[in-house]
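Reader: Before we discuss the fold, could you put the model in front of us, so that we can go through its architecture step by step?

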Amino acid sequence: MAEFGNPADETQDAPLEGSPMLDPSTLPGVPDAFQRLWTPHRIAYIQGETAPADGGCVFCQAPAVAEEDSLVVARGELVYAVLNLYPYNSGHLLICPYRHVANYDEATLEEVAELGSMTQAAMRTLRAVSGAHGFNLGMNQGKVAGAGIEEHLHQHIVPRWGQDSNFFPIIAQTKAMPQLLGEMREILRDNWHSGSSD
Ligand SMILES: [Zn+2]
């Protein structure tokens with residue numbers, strides 16, 4: 001099976017190439033190809049201070065927020081797309097059903113279908129407006145799986161660029177964000193690629 005290994009690992013994997021701050025070879029650990037996006041401290045992002053004062057659900061309330069204050073960038077019949085207030089990268093979107101449902105297998109087939117098509121639309125849009133090279137898509141189901149808000153289903157869409165990775169989020173709990181949320185909101189609203197559900 002050794003021949004199925006990736007001989008290019010040493011030359012291709014240079015996630016810190018753009019960072020003059022750290023030499024990965026000086027850090028403990030075994031390098032692999034997996035980018036650890038969902039480390040536990042990152043999951044603090046939509047908890048605490050962002051929870052509505054009345055204890056309600058942010059994902060139920062988000063669609064009702066006035067457009068000028070809202071981070072919602074696209075609205076479908078059954079699901080909507082909203083910028084994450086605490087993004088991992090510029091353009092980090094969440095696709096949520098309007099309905100307050102916790103788990104993917106509780107969503108209706110219609111909701112699943114539109115969640116899928118809006119995810120596709122989001123990818124096309126992010127590729128067009130920001131030249132994203134790749135994406136992380138994912139849903140954390142339940143607190144033990146890292147869900148920040150476990151009671152309302154949401155799919156993460158995190159655009160990735162070849163040089164976007166550094167160790168700041170891990171060792172300094174800091175993420176360099178090149179674009180303001182409000183700017184990104186306008187760009188996405190103005191350029192949204194309609195999904196097949198439209
Ligand atoms: Zn909800």
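Author: One term is needed at the outset: two residues are in contact if their C-beta atoms, placed from the backbone, lie within 7 Å. What follows concerns a predicted model.

Reader: In what order do the elements of the protein run from the N terminus on?

Author: The protein has five helices and five strands. Read from the N terminus on, these elements follow the order α-α-β-β-β-α-β-β-α-α.

Reader: What is the strand order of the open sheet, and which strands are its edge strands?

Author: The five strands form an open sheet with antiparallel pairing, in the order 1-2-3-5-4. From one strand to the next, the twist averages 20°. The strands that pair on one side only, and are therefore the edges by the bridge criterion of pairing, are strand 1 and strand 4 (134–138).

Reader: Over how many bridges do strand 4 and strand 5 pair?

Author: Strand 5 has strand 3 as one antiparallel partner, with three bridges between them, and there Ile95 has Gln155 as its bridge partner. Strand 4 also pairs with strand 5 in the antiparallel sense, and Gly138 stands opposite His156 in that pairing. The number of bridges between strand 4 and strand 5 is five.

Reader: Why is strand 5 largely enclosed by the rest of the structure?

Author: Buried residues make up 24% of the 198 residues in the protein. Strand 5 is largely enclosed by the rest of the structure because, of its six residues, those that are buried number five.

Reader: Which residues of the largest nonpolar core touch the most other members?

Author: This core holds 28 residues, and the elements that each supply at least two of them include strand 2 (79–83), strand 3 (93–97), helix 3 (109–130) and helix 5 (181–191). The members that touch the most others are Ala81, Val82 and Ile95.

Reader: Which residues does Val82 touch, not counting those up to four places away in sequence?

Author: Strand 1 and strand 2 pair in the antiparallel sense over three bridges, with Arg75 opposite Tyr80. With residues up to four places away in sequence left out, the contacts of Val82 are Ala62, Leu71, Val72, Val73, Leu93, Leu94 and Cys96.

Reader: What share of the contacts with a separation of 6 or more comes from residues 24 or more positions apart?

Author: The contacts considered here are those in the protein with a separation of 6 or more. Within that set, the share from residues 24 or more positions apart is 67%.

Methods: Residues numbered from 1 in each chain as written. Predicted model: local features only at pLDDT ≥ 70, side-chain atom pairs only at ≥ 80, totals over all residues. Core = buried A, V, L, I, M, F, W, Y, C linked by C-beta atoms within 7 Å. Buried ≥ 20, exposed ≤ 12 C-beta atoms within 10 Å, placed from the backbone. Helix = DSSP H or I, 4+ residues; strand = E, 2+ residues; numbered from the N terminus. Pairing = 2+ DSSP bridges. Axes fitted to C-alpha atoms, helices over the stretch in contact; angles between N-to-C directions.
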